[in-house]
Amino acid sequence: MSRSSWYLEGYVGASKRLRRVHLYQFPYQVGRHQECELTLDSTEVSRRHAELDMVDGQLVLRDLGSTNGSFINHQRIDKEQALFAGDVVHFADQEYRLIEQQPDDEHLFDRTNVRVGSLPENLPRGAREFQMLLLKGSVSAAFQPIVDMDGKTFAHEMLGRGAMEDLPNAPWPLFQLAESLEMEVHLSELFRQKGLEIAYNLHPHGRYFFNIHPRELNDPERLLRCVERIRTNFPQLQLVFEMHEAAVTNPALIRRIRDDLQAMKVGLAYDDFGAGQARLLELTEVPPDFVKFDIALVRDIDSAPEAKRQMLEMFQTFLVDMGIATLAEGVETAAEFHVLRDLGVQYYQGYYFGKPSPHISIDT
């Protein structure tokens with residue numbers, strides 16, 4: 001008998017939040033009838049549409065002669081068929097993903113109208129592969145150099161990359177998939193842990209900027225425990241914790257995080273400064289060690305209107321007077337670099353100095 005807990009997870013109505021339904025007994029019937037364990041309010045679903053059952057420790061799906069069919073991974077079934085974690089199941093037009101939670105898993109919730117048309121595809125595919133990515137830790141990292149005014153390497157930004165067959169390598173689509181499963185915090189933690197392991201093996205005394213996902217701020221205790229483990233496991237690394245400017249909305253919370261980071265000898269950077277509202281008030285209340293100017297301020301600064309250059313110069317003067325180091329992101333040309341250097345920006349990152357790479361450049 002399986003000791004796992006099983007759930008169906010899917011969107012309800014127009015909501016963008018996932019609902020998780022516990023399969024609390026077997027057989028577990030799905031349909032429009034009020035006596036079904038899961039009642040679906042859709043005229044395309046039959047009164048007793050399908051049932052899930054546990055047979056010799058294997059979860060299976062049976063269609064109960066429904067009009068519009070039951071589907072596993074977009075394939076209609078005509079007989080009892082095994083189900084596995086991550087499978088996408090359709091009961092007519094109702095779409096769910098099957099979720100398995102292990103007992104010790106801390107991180108893993110009268111007339112039938114005949115349907116015409118294709119199955120909905122609201123749930124992203126690749127859920128099973130994504131779960132395997134988390135289980136196996138199948139991620140890697142790339143490192144982009146950060147240089148000083150003389151072009152010498154000052155640090156590297158650590159950027160997560162996927163390393164699972166049949167899933168993207170780039171972090172953005174992986175985070176989109178993770179968010180649909182409400183697993184973005186787990187992915188962010190995995191990227192960070194694996195990336196710093198790689199960094200430690202490549203250059204154990206190096207300085208590394210690392211990102212957090214905004215949802216990690218919802219549980220600051222967990223976030224700080226994670227950073228503390230990193231500091232304990234990699235005591236020689238020089239670390240800088242990056243926080244998006246838009247997340248700097250709760251000065252008391254950010255001050256507490258900054259103070260705890262300082263106690264662990266971890267620096268703090270506000271990322272993407274100037275991308276939206278420049279939070280100058282928060283900067284004065286909880287000043288970080290670094291501010292990273294967003295690429296929107298940096299791009300084509302050599303040919304930008306004078307007003308844009310004056311605005312950047314104003315920010316630069318304001319930050320330096322507060323003792324905050326400045327860093328320009330997205331520098332792609334020599335002309336941009338020369339203007340930024342003339343304005344006094346202290347550090348630089350962008351394709352002009354190096355693209356993200358699995359290797360780490362070290363000045364000798």
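A helix here is a DSSP run of H or I with at least four residues, a strand is a DSSP run of E with at least two, and both are numbered from the N terminus. This is a predicted model, with pLDDT of at least 70 needed for local features, pLDDT 80 or more for side-chain atom pairs, and all residues used in totals for chains, interfaces and linings. Residues are numbered from 1 along each chain as its sequence is written, and side-chain values use heavy atoms, with hydrogens and water left out.

**View 1. The whole chain, before we zoom in.**
Start with the cast list: the protein chain has nine helices and 19 strands. It has 364 residues, and 49% of them count as buried. Buried means under 20% relative accessible area, exposed means over 50%, and partly exposed is in between (1.4 Å probe, protein chains only).

**View 2. Eight strands closing into a barrel.**
Follow the strands around in the order β12-β13-β14-β15-β16-β17-β18-β19, and you have gone round a barrel with mixed pairing. Two strands pair if DSSP finds at least two bridges between them. So where does the barrel list meet its own start? Look at strand β12 (residues 139–148) and strand β19 (residues 347–349), which pair in the antiparallel sense over three bridges. Val147 has Tyr348 in β19 as its bridge partner.

**View 3. Strand β17 between its two partners.**
Now pick one barrel strand, β17, and see who sits on either side. Strand β16 (residues 266–273) is joined to β17 by three bridges, and these strands run parallel. Phe273 finds its bridge partner in β17, at Phe293. Strand β18 (residues 325–328) also pairs with β17 in the parallel sense, over four bridges. There, Phe290 stands opposite Ala325 in β18.

**View 4. Which way do the side chains of β17 point?**
In a regular strand, side chains alternate between the two faces of the sheet. In β17 (residues 290–293), Phe290 and Lys292 point one way, while Val291 and Phe293 point the other way. Are these residues buried or exposed? All of them are buried, Lys292 included.

**View 5. The largest pocket and what lines it.**
The largest pocket has a volume of about 910 Å³. Out of 33 lining residues, Glu157, Leu159, Pro171, Phe175 and Asn211 are the closest to its centre. A pocket, on a 1 Å grid over the protein atoms alone, is an open set of points where a 1.4 Å probe fits, with protein on both sides within 12 Å along at least five of seven lines; lining residues have an atom within 4 Å of a point. Its volume is the space filled by probe spheres set on the points. Which elements each give at least two residues to the lining? They are β13 (153–162), α2 (171–180), α3 (184–202), β14 (207–211), β15 (238–244) and β16. Strand β13 gives the largest share, with five residues.

**View 6. An open sheet of five strands.**
Leave the barrel and look at another sheet. This one is open, runs in the order β4-β3-β5-β6-β9, and has mixed pairing. Its edge strands, β4 (38–39) and β9 (81–82), each pair on one side only. Inside the order, strand β5 (residues 50–55) and strand β6 (residues 58–63) run antiparallel and are joined by six bridges. One place to spot this is Leu52, whose bridge partner in β6 is Leu61.

**View 7. Val30, tucked into β3.**
Val30 sits in strand β3 (residues 28–31). Why does Val30 count as buried? Because its relative accessible area is 0%. Now find Leu40: the C-alpha atoms of Val30 and Leu40 are 7.2 Å apart, and the two residues are ten apart along the chain.

**View 8. Unusual backbone spots in three loops.**
Most residues other than glycine have a negative phi, and most peptide bonds are trans. The peptide bond from Phe26 to Pro27 is cis, with omega near -5°. You will find Pro27 in the loop between β2 (18–22) and β3. His74 has a positive phi, near 70°, and lies in the loop between β7 (70–72) and β8 (75–76). Asp166, not a glycine either, has a positive phi of about 75°, and its loop runs between β13 and α2. His74 counts as buried because its relative accessibility is 19%, whereas Asp166 counts as exposed because its value is 64%.
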